[in-house]
Amino acid sequence: MIERDFYTIYGTTPEVMVRAPGRVNLIGEHTDYNDGFVLPAAIDRSIDFAGRKRADRVVRVHSLDFEGWVEFSLDNIQKDNNNRWSNYVRGVAKYLEEDGHRLTGAEIVLGGDVPREAGLSSSAAVEVGTAAFWNNLLRLELDPVYLIKLARKAENQFVGVPCGIMDQFISALGRENHALFLDCRDLEYRHVPLRDDVKIVVCNSGVKRALAQSEYEVRLKQCREAVARIASSGRAVKSLRDVTPADLAAARSVLSDVLFRRARHIVTENQRVLEAVKVLEAGNLERFGELMNSSHLSLRDDYEVSSKELDVLVEAAWRQPGVLGARMTGAGFGGCTVNLVRQEAAEAFSDAVRGAYQDALGLKAEVYICKASQGALSI
Ligand code: GLA
C-alpha cells in the first residue's frame with residue numbers, strides 16, 4: 001500500500017519501509033511520569049513510512065492523512081505551525097542531528113489507520129516511525145531505548161507536549177500477541193503473553209480530547225506537589241512510585257483532599273499493575289478484568305480524568321456478557337476505552353456497546369477489535 005503511494009508520488013520505488021503501531025494501555029494510567037509501571041500493547045493499526053535517500057540535505061515529506069507535504073533542510077530545522085503534523089518528523093530529525101548522527105536528505109511518504117486525537121498514540125507512532133526510518137535507511141544500528149528516549153524528547157521539547165515514555169516505548173518495542181510490562185523508572189521491560197481466546201476491544205468515544213493537554217499538565221504538577229509534601233513530612237521519596245499505601249496514610253495531614261486523591265490513584269494503580277502482570281502470567285483473566293474495573297473507578301473518582309462519554313462506554317461494557325474488564329485508556333477527557341472480552345462474545349459486545357452509546361448520548365462510537373502487534377524497532 002504505502003509502497004504504491006510512494007511510487008505514485010515520487011515515480012520511483014522506496015528503499016526503506018517502516019510500520020509504527022499505535023497503542024492501547026491495558027492498565028497503568030498516568031503512572032509513567034511518576035516513575036511507575038505500565039502494561040500497554042501495540043495494536044494492529046499503524047502509521048507506515050516509505051522513503052529513499054536524496055543526495056542533498058533536503059527532506060520532503062508527504063502525509064497521506066493530511067493530504068499535504070512539506071520540505072525542510074536538515075541544516076535548519078524549525079517548527080512549522082501551518083503543518084503541525086510534520087513537527088514530529090522534524091523534531092526527531094533535529095535531535096538525531098544534534099546527537100551527531102549525520103542524516104541524509106530523504107523523500108518520505110507516511111500515512112496509516114491510527115485514528116488521530118483518539119488517545120491511541122498516533123503522534124508517538126510518527127515519532128518512532130521517523131526514528132526507525134533513518135535508523136534503517138542509514139543502517140545506524142542505534143539502540144532502541146536510545147531512539148525511544150529521543151522520540152519522547154521530540155514530543156516534550158520540540159512539539160511541546162509533556163508526555164511520559166509509555167507511548168513511544170510500546171510503539172517501538174511491542175510484540176505480537178503480547179503486552180509489555182514496563183518499569184518507567186529504570187526502563188526494564190518484559191513481554192507478557194496474551195491469550196487468544198480473549199480479545200482487546202477498543203471503543204472510540206469520538207470525542208476529541210480538548211482538555212487533555214491542559215489537565216494533563218495540572219495532574220503532572222499535582223503529583224510533583226504531592227511528592228514534595230510527602231517528602232517534607234520526613235519520608236525519603238523521589239516520586240509517587242516510592243510512596244507506599246502506609247506512607248500515604250501517614251502523610252494525609254500534609255496533603256489537601258485533591259492532592260491526597262491524586263496520589264492515591266498513582267499508589268493504588270502501581271499496585272494494580274503489579275498484580276495484573278502476575279495474574280495475567282498465571283492465566284487468571286477474571287482477576288485481571290477486576291483490576292481494570294478498579295482502575296477505571298480510581299481514574300474517575302480520584303484522578304478525575306474520565307468524562308461522561310467514557311463513563312457511559314465503560315458502564316455499558318460492564319453490563320455485557322463475556323466482558324472481563326473495561327476502563328478508560330490513555331490520558332482521558334475523551335478518546336477511547338479498552339475492554340477485555342471473551343472471543344465468542346466480542347462481536348455482540350461491539351454492537352451492544354455502540355447501541356447503548358447511541359441511545360444514551362446520541363453519539364456514534366467506533367469499535368476496533370485489536371490484535372497485539374509488533375513494534376517498529378522490535379526484532
Ligand atoms: C498519554 C501520555 C502517556 C501517559 C498517558 C496516561 O498517553 O502520552 O505518556 O502519561 O497519557 O497514562
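**View 1. Ser205 in the loop between strand 8 and helix 6.** In this predicted model, Ser205 sits in the loop that joins strand 8 to helix 6 (212-232). The relative accessibility of Ser205 is 2%, so the residue counts as buried, the cut-off being under 20%. A polar atom of the Ser205 side chain lies 2.7 Å from the backbone oxygen of Gly335. Leaving aside residues up to four places away in sequence, Ser205 touches Glu309, Leu310, Leu313, Gly334, Gly335, Tyr357 and Lys364.

**View 2. The open sheet of four strands.** The strands of this sheet follow the order 9-10-8-11, and their pairing is antiparallel. Strand 9 (323-329) and strand 11 (366-370) form the edges, each pairing on one side only. On average, and with direction ignored, neighbouring strands of the sheet are turned by 20° against each other. Strands of a sheet pair through backbone hydrogen bonds, in a parallel or an antiparallel arrangement.

**View 3. Strand 8 paired with strand 10.** Seven bridges link strand 8 (residues 198-204) to strand 10 (residues 336-342) in the antiparallel sense. One of the bridge pairs joins Val198 to Arg342 of strand 10.

**View 4. Helices packed on the sheet.** Helix 9 (residues 285-301) packs on the sheet and touches strand 8, strand 9 and strand 10. The direction of helix 9 makes about 30° with that of strand 9. Helix 11 (residues 346-361) lies across strand 8, strand 9, strand 10 and strand 11. Helix 11 runs at about 20° to strand 8.

**View 5. The crossing of helix 3 and helix 5.** The axes of helix 3 (residues 122-137) and helix 5 (residues 166-173) come within 9 Å and cross at roughly 55°. The two helices, helix 3 and helix 5, are therefore oblique to each other. The crossing of helix 3 past helix 5 is right-handed. On helix 3, the contact is made by Ala124, Ala125, Glu127 and Val128; on helix 5, by Asp167, Gln168, Ser171 and Ala172.

**View 6. The surroundings of helix 5.** Helix 5 is mostly covered, with eight of its eight residues buried. These are Met166, Asp167, Gln168, Phe169, Ile170, Ser171, Ala172 and Leu173. The elements that cover the buried residues of helix 5 include strand 1 (16-27), strand 2 (37-53), strand 6 (178-183) and strand 7 (189-193). Helix 3 and helix 4 (144-159) are also among them.

Conventions. Residues numbered from 1 in each chain as written. Predicted model: local features only at pLDDT ≥ 70, side-chain atom pairs only at ≥ 80, totals over all residues. Heavy atoms only, no water. Pairing = 2+ DSSP bridges. Axes fitted to C-alpha atoms, helices over the stretch in contact; angles between N-to-C directions. Contact = heavy atoms within 4.5 Å. Buried < 20%, exposed > 50% of the residue type's maximum accessible area, 1.4 Å probe, protein only. Polar contact = N/O pair within 3.5 Å; in protein donor to acceptor, adjacent residues only side chain to side chain. Parallel < 35°, antiparallel > 145°, perpendicular 65-115°, else oblique. Left-handed = near helix turned anticlockwise from the far one by under 90°.
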